[in-house]
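Biologist: I have just opened this model and would like to walk through it with you, a piece at a time. Where shall we begin?

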Amino acid sequence: MLRNSTLARGIFWLYGELLLVPPNVWRETHNYHHAHTAKLIGSHIGSYPMLTPKMYLEQPPLRRWLYRAARHPANISVALLTIFTIGMCVRPFLRAPKKHWDAAVALIIVGAGSSALIATGHAWQWLFAYVVPMAVATASGAYLFYAQHNFPEAKVASREHWTFTKAATDSSSYMEMSPLMHWFTANIGYHHVHHLNAAIPFYRLPEAMAEIPELQSPGKTSLKPKDVLAAFKLKLWDPDQNHLVGYPR
């Protein structure tokens, strides 16, 4: 859709900057995530860190605290600051300024626009027209990132046993939503299909699932409170039990 449109490319580039999702950073993290999701070691880029109970207990206290903080609901609730501003803009730019120059541009655009509105007496408009909608959108997106790979039936594999297909079909969820919510989220709830082939347009993901039998029995989750609570209880991968578990007591 609009693949060869220079105008569309420019519009979507600016859109990504305004959303604190710099296109270069997103492309890098998204591609890495698809190539490494559900690996026990190395799957944290573009997703959330994953350890086994043994690995977790072997970490020094600070690293354990950072691990818990990254996977805590509070981190997701303030994703506008932690995951998008710091994670998608500040850290990538500091790590590779030349490569991720667009991360600095995003911070400048949003920072300058916000400062201008506040300085001209439009602080309330800035708060309710930008900050609140962005806070809701980024927290929702951060939870989708979490739940799509942290659900009761999800599987995690060592590098030796990891395969791309299994990571898509066994480690990526189908999120049950109403047709309206599927529309609002661009069908990203068909996440196992998306992971199998990221080139499938979002509007054809349901069709792909309906036509391919192997994609019709995925692990499922939803936005129902019980499923959200169940997802947040999953913190570590236990290779002995072959499923995700909570923290050791």
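**Helices, hollows and loops**

Modeller: Let us begin with α8, which bends by about 30 degrees at Val-131 and has a proline, Pro-133, following within four residues. The bend at a residue is the angle between axes fitted to the seven residues ending there and the seven starting there, while helices (H or I, at least four residues) and strands (E, at least two) are DSSP runs numbered from the N terminus. Please keep in mind that this is a predicted model, in which local features need pLDDT of at least 70 and side-chain atom pairs count only at pLDDT 80 or more, whereas totals for chains, interfaces and linings use all residues. Residues are numbered from 1 along each chain as its sequence is written, and side-chain values use heavy atoms, with hydrogens and water left out.

Biologist: OK, and how far does α8 reach from its first C-alpha to its last?

Modeller: With its 25 residues, α8 reaches 34 Å, which is close to the 36 Å expected at 1.5 Å a residue. That expected span is 1.5 Å times one less than the number of residues in the helix.

Biologist: Which residues of α8 are buried, and what covers them?

Modeller: The buried residues of α8 include Met-134, Thr-138, Tyr-143 and Leu-144, where buried means under 20% relative accessible area, exposed means over 50%, and partly exposed lies in between (1.4 Å probe, protein chains only). Their cover includes the helices α1, α5, α6 and α13, together with the strands β1 and β2.

Biologist: You just mentioned α6. What does it span between its end C-alpha atoms?

Modeller: The span of α6 is only 20 Å, although a straight helix of 17 residues would cover 24 Å at 1.5 Å a residue. There is also a kink of about 45 degrees in α6, and this kink is centred on Ile-86.

Biologist: And what do the buried residues of α6 pack against?

Modeller: They pack against α2, α5, α7 and α8, and among these buried residues are Leu-80, Phe-84, Thr-85 and Pro-92.

Biologist: Changing topic, how big is the second largest pocket?

Modeller: Its volume is about 150 Å³. On a 1 Å grid over the protein atoms alone, a pocket is an open set of points with protein on both sides within 12 Å along at least five of seven lines, a cavity is a set of points where a 1.4 Å probe fits but cannot get out, and lining residues have an atom within 4 Å of a point. Grid points are joined across faces, edges and corners, and a volume is the space filled by probe spheres set on the points.

Biologist: Which helix gives the most to that pocket's lining?

Modeller: That is α7, with 4 residues, although α6, α7 and α8 each supply at least two. The lining includes Leu-20, Leu-107, Trp-126 and Val-131, so Val-131, where α8 bends, belongs to this pocket wall as well.

Biologist: What kinds of residue line it?

Modeller: The lining divides into 8 nonpolar, 3 polar and no charged residues, counting Ala, Val, Leu, Ile, Met, Phe, Trp, Tyr, Cys and Pro as nonpolar, Asp, Glu, Lys and Arg as charged, and the others, Gly among them, as polar.

Biologist: How many cavities of 30 Å³ or more are there?

Modeller: A search of the whole structure finds 1. The largest cavity holds about 130 Å³ of space and is lined by 13 residues, with Ala-38, Ser-43, Ser-47, Met-50 and His-149 nearest its centre. By class, this lining has 5 nonpolar, 6 polar and 2 charged residues.

Biologist: Back to Leu-20, where does it lie?

Modeller: Leu-20 is in the loop between α1 and α2, and it has a positive phi of about 60 degrees although it is not a glycine. Most residues other than glycine have a negative phi. Ala-38, just after α2, also takes a positive phi, of about 70 degrees.

Biologist: Last one: in α10, why does His-182 count as buried and Leu-180 as exposed?

Modeller: His-182 counts as buried because its relative accessible area is 6%, whereas Leu-180 counts as exposed because its relative accessibility is 52%. Leaving aside neighbours within four places in sequence, the contacts of His-182 (heavy atoms within 4.5 Å) include Tyr-174, Met-177 and Tyr-190.
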